[in-house]
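I opened my notebook to look up how the ligand is held in this one. Here is what I went through, step by step.

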Amino acid sequence: MQTKLFIGGEFVDAADGATVTSLDPHDGSVLAEVAEAKQEDVDRAVTAAKGAFHHWSRLAAADRGRLLLKLADAIEADADNLALLETRDTGHPLRDTLGLDVLRTAATFRYFGGMADKFQGTVVPVEQGFLDYVVPEALGVIGQIVPWNFPVMFVSWKLGPALAAGNCVVMKPSEITPLSALRVAELAAEVGFPPGVINVVPGYGQTAGQRLVDHPDVAKLSFTGSTDVGKQIARGAADTLKQVHLELGGKGANIVFDDANLAAAVGGTAFGIFHNQGQACIAASRLIVHESVKDEFLERLVSLAGSIRVGDPKDLNTEMGPLTSALHRDRVLSYLEIAADEGGAVLVGGKAPAEPSLGSGYYIEPTIVETTPTARAAQEEVFGPFMVVHTFKTDEEALEIANGTAYGLGGGLWTSDLSRAHKVARELRAGMVWVNSYKRVNPGSPFGGMGVSGYGREMGFEAMREYTEPKATWINIDANLPAFYRR
Ligand code: NAD
């Protein structure tokens, strides 16, 4: 397990020797003491990235791509180790880190490895006598700040396109879950990424993160995290006029119409909210169900939620693990109290599980509460295994409830009526919509939000555009063209 900062191709201690303790959310035991980056360390990392940029951005794109493909292979070869590390650091069940997260991480690096030499410029059909070509150029040093909910996947979402486009990166993982990013950096060094191209500096947001926001040599800041911190980052970045890409919170609406395949909708809804203990920006945290199918749907969903196997995330049978930190568990519990105070009816869950074996871990039962769409529990992001339920009569009413928060990240609907599916998908205010499904992601499909869910996109060609700037070059190809001041 790597626990030091990765700067300029080497694992090093923090300049002042500081460390952050990483805890195992299953039982609160100490997992690792990880070096804590502060301003001096971030500055060193930015200098290393700046120094590597000229060579890296001028390498043949295919060569950058080849290294990303090698990294994808190395991640797959290390899957068992990386998945266990991620599980121990985050509490995310091993069956998911092994079966989804690590595989998706490799797939995303592979996608952008293939993309590197296919993302090309254009020639503009300008007036006779001139050639105008436009090349997407790398920006320089990219600062990337990520949260703790899917740390290993986010390493690939952020590093993949930034590196494919020719940028160098300083990444700050969450202080709570830094281990998988350090392991990916180690694998990157092993497969031959030049020193300085990738730097990983775990540390706190107020210090290491803030320094990345403020640093004049960071060209762009790509941030995934909460809406409140995203707003602070946008304000802070204004001082250096650096570009900002913000992937923020969500309050996903999941609409079940009366003509839906209920069995599929029950399974999809449970996955939408309880996967990763609900700690997903695109979690299906609001169920909006047609009143005529509500009773049957909820009966099945509550029964399924009550049967979810909550326990040690290292056990391959476990379907839901602990929340990632004690602080966050307490925050989610406080929302359960808020929901009750607002008059919400608890249909299932609502507390920490009673099993003594889970007593020292950060566990919460899968919870479903029926409440009003204007309740705080229905408006604010809770980011836990907690779903609110509302009912509706007409499609218009369903859309009004679905679009009735400030967020606009993911949303879903379940129906067997094709034209209703398209109409409602069109009207949902969300960056991603799933029909008869929920929470699908793919490296080729743009990922991002509207409203207070942020701006900019991860994945696909959109991500390549995030990490490049178009440069137009005009060539005069006709020496006899009339000039303005010819003598
Ligand atoms: P957070 O905003 O508290 O922290 C995110 C990251 O920002 C961490 O690395 C943290 O150290 C850093 N940070 C905190 N304060 C900072 C500051 N002042 N300056 C610079 N960096 C700072 O979020 P979190 O609790 O780690 O993650 C949960 C949030 O992330 C949820 O709101 C969730 O919806 C959001 N999220 C969004 C997406 C998306 O793609 N839209 C994906 C995953 C998570």
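**Around the ligand**

I started with Val146: one of its backbone N or O atoms lies 2.8 Å from an oxygen atom of the ligand. Before going on, I noted that this is a predicted model.

Next I checked Leu248. A polar backbone atom of Leu248 is 2.7 Å from a nitrogen atom of the ligand.

Then I turned to Glu381, where the side chain does the job. An N or O atom there is 2.5 Å from an oxygen atom of the ligand. How much of the ligand does the protein bury? On its own the ligand exposes 840 Å², and the protein buries 91% of that.

I also looked up the pockets. The largest pocket is the space taken by the ligand.

After that I went through the shell. The ligand is surrounded by 28 residues, with Ser226 and Glu175 among the closest, as are Val146, Leu248 and Glu381. Sorted by class, I got 14 nonpolar, ten polar and four charged residues.

Which elements supply at least two residues each? I wrote down α7 (205–214), β10 (220–224) and α8 (227–237).

Last entry: why does the ligand lie between two domains? Domain 1 (5–248 + 453–473) gives residues to the shell and so does domain 2 (253–435), so the ligand lies between them.

Note on methods:
Residues are numbered from 1 along each chain as its sequence is written. This is a predicted model: local features need pLDDT of at least 70, side-chain atom pairs count only at pLDDT 80 or more; totals for chains, interfaces and linings use all residues. Side-chain values use heavy atoms; hydrogens and water are left out. A residue is near a molecule or strand if one of its heavy atoms lies within 4 Å of it. A polar contact is a pair of N or O atoms within 3.5 Å; within protein, one must be able to donate a hydrogen and the other to accept it, and residues adjacent in sequence count only if both atoms are side-chain atoms. Accessible areas come from the Shrake-Rupley method with a 1.4 Å probe; for residues, only the protein chains shown count as cover. On a 1 Å grid over the protein atoms alone, a cavity is a set of points where a 1.4 Å probe fits but cannot get out, and a pocket is an open set with protein on both sides within 12 Å along at least five of seven lines; lining residues have an atom within 4 Å of a point. A molecule sits in a cavity or pocket if more than half of its atoms lie within 2 Å of its grid points. Helices (H or I, at least four residues) and strands (E, at least two) are DSSP runs, numbered from the N terminus. Ala, Val, Leu, Ile, Met, Phe, Trp, Tyr, Cys and Pro count as nonpolar, Asp, Glu, Lys and Arg as charged, and the others, Gly among them, as polar. Domain bounds come from an automatic or database domain assignment.
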